[in-house]
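I set out to record how selected helices pack against one another and what lines one of the pockets. The entries follow the order in which I looked things up.

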Amino acid sequence: MSKTTIDSEIAKQRDKVFGMQPEINLVAACKTNDGVMLHSPFERKKFELRFLKSSDNISFFIPASGSGSRMFQFLFDFLEEPNEDNRSKTERFLNTIESFAFFDLLPFEMKERVREYEINLINFVSFLLKSNGLGLGELPKGLIPFHRSRSFVLNAFQEQLLQGLRLKESKIDFHFTINNRFEEKIKNSLSNVVALTAGNTSITYSVQDPATDSFAFDADGEPVILDNGSFLKRPSGHGALLENINQQDADILFIKNIDNVQHESKSNDSLEVFRYLGGLLQSLKEDLHKAFLNDNLIEALQAINIEYQLWDPKLNFSAFSEEEWKKILLRPIRVCGMVKNEGQPGGGPFWVADEAGLVSKQIVEKAQIKMSGEQYKLMVQSQYFNPVLMAVSVKNILGEKLNLRDYADHEKYFIVDKKYKGQPIKFMEKPGLWNGSMANWLTLFVEVPSKT
């Protein structure tokens, strides 16, 4: 980048970072049969069967670059600055240590000392976390031993592969976004599973593009300069992965998080849900394509909206011309599984109004609204939680590959406050991958069982 381009980008990002956090205008929470479809078990089976009989090519897209260090934060705190609170948490952890799959990887002598309470707590925690031991605190979350399965200890990468390969008998592909420092370890752990299962698969990898990183600013609004003279930059959130999805070409792309994976013995429910989501996506695309070719397009879309709840039920369909509707129908499509809200953190499905007053369905995070007033009251009425179980089409209903950047709301970014060397910094994150980055997709929400 030229100096002029860099200075221009810094100025743009500074204006956003020190401006107001973009807010969402919630209209209402999506509820059962009011934005969130609820199918009977019989209906779900119909969509599953459709998916199993189809010849569409299938791929999983699984963001997996996240560090596992946050899972062990209380142990890091205990090592760095022991106090009564983190010591108590560490002792409780030690008392249940055999419940964790990584216990099986400890040296036999250490296991014996743990069982007999003869272990030095600081040395033991250091062995678990640091590279001279198991190094769990330095690994990506997906490489941490996750489950015991008969005689094997499996990490989340391996469990995702084992589960996904059972989705159907045809070829199932996988794409993981990773931290490239661990690429060889990840490839080795997955090659063992492929060899044992004789799975028909292609596994590809990508990293979050460093070009999407954001400039960090100090409290005075100046970009932070490192000792080597370069600018301090920070990854711009999972919304940056829109560029990685943009490179995918599968007919059906399943999106899920690396750590949302069940033990192999309990994965049937999840497999059934993904088949259901895939079949529902196929059915929706077929019906939209028929409407696209229908001589009475608006009447066909009104019927589709009754069946699929894609748009505001009060929408005046005649307010758009047939040409405008045809452009709308050629957008990317996502079918998102939602679970009943039982207090989980994270976003949920809402009816949202844009600046022109048009109402659409969006997945909204708490960080996007004020934590008081009428908008907060609407937020806490949410009946559903987004577990990130999605079947998406990156091609339109005519089979044409789309540029997904064209369907993002780039103004729904996040302003982030962190610290660097003890000093406050601010930077911006791109619109969340399933929030603003998919704001202008055709969106279908469906209820799925929470055990998935």
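Entry 1, α3 and α6. I began with the packing of α3 against helix α6 (residues 121–129), where the axes lie 10 Å apart at an angle of about 130 degrees. The model is a predicted one. I class α3 as oblique to α6 because the angle falls in neither the roughly antiparallel range, over 145 degrees, nor the roughly perpendicular one, 65 to 115. I noted the crossing of α3 past α6 as left-handed.

I then listed the residues in contact. From α3 I found Leu75, Phe76, Phe78 and Leu79, and they meet Leu121, Ile122, Val125, Ser126 and Leu129 of α6. By class I recorded 8 nonpolar residues, 1 polar and no charged in this contact.

Entry 2, α3 and α4. I turned next to the pairing of helix α3 (residues 73–80) with helix α4 (residues 84–95), whose axes come within 9 Å and cross at roughly 125 degrees. That angle makes α3 oblique to α4. I read the handedness of the crossing of α3 and α4 as left-handed.

On the α3 side I found Phe74, Leu75, Asp77 and Phe78, and on the α4 side Asn86, Arg87, Lys89, Thr90 and Phe93. I sorted the residues of this contact into 4 nonpolar, 2 polar and 3 charged. I noted that Leu75 and Phe78 of α3 appear in the contact with α4 and also in the contact with α6.

Entry 3, α10 and α11. What angle do the axes of α10 and α11 make where they cross? I found roughly 160 degrees, with the axes of helix α10 (residues 268–293) and helix α11 (residues 297–308) coming within 9 Å. I therefore entered α10 as roughly antiparallel to α11. I recorded the crossing of α10 and α11 as right-handed.

From α10 I listed Leu280, Ser283, Leu284, Asp287, Leu288, Ala291 and Phe292; their partners in α11 are Leu297, Ala300, Leu301, Ile304, Glu307 and Tyr308. I classed 10 residues of the contact between α10 and α11 as nonpolar, 1 as polar and 2 as charged.

Entry 4, the second largest pocket. I looked up its volume and found about 830 Å³ of space. I recorded 34 lining residues for the second largest pocket, with Asp354, Leu358, Ser360, Gln362 and Asn440 nearest its centre. The elements that I found giving two or more residues to this lining are α12 (322–329), β13 (348–353), β14 (359–364) and β19 (442–447).

Which element gives the most to the lining of the second largest pocket? I found that β14 does, with 5 residues. I closed the entry with the classes of the lining residues, which are 16 nonpolar, 9 polar and 9 charged.

Terms used
Residues are numbered from 1 along each chain as its sequence is written. This is a predicted model: local features need pLDDT of at least 70, side-chain atom pairs count only at pLDDT 80 or more; totals for chains, interfaces and linings use all residues. Side-chain values use heavy atoms; hydrogens and water are left out. Axes are lines fitted to C-alpha atoms, for helices over the stretch in contact, and angles run from 0 to 180 degrees between N-to-C directions. Helices (H or I, at least four residues) and strands (E, at least two) are DSSP runs, numbered from the N terminus. Angles under 35 degrees count as roughly parallel, over 145 as roughly antiparallel, 65 to 115 as roughly perpendicular and the rest as oblique. A crossing is left-handed if the near helix is turned anticlockwise from the far one by less than a right angle, and right-handed if clockwise. Contact means heavy atoms within 4.5 Å. Ala, Val, Leu, Ile, Met, Phe, Trp, Tyr, Cys and Pro count as nonpolar, Asp, Glu, Lys and Arg as charged, and the others, Gly among them, as polar. On a 1 Å grid over the protein atoms alone, a cavity is a set of points where a 1.4 Å probe fits but cannot get out, and a pocket is an open set with protein on both sides within 12 Å along at least five of seven lines; lining residues have an atom within 4 Å of a point. Grid points are joined across faces, edges and corners, and a volume is the space filled by probe spheres set on the points.
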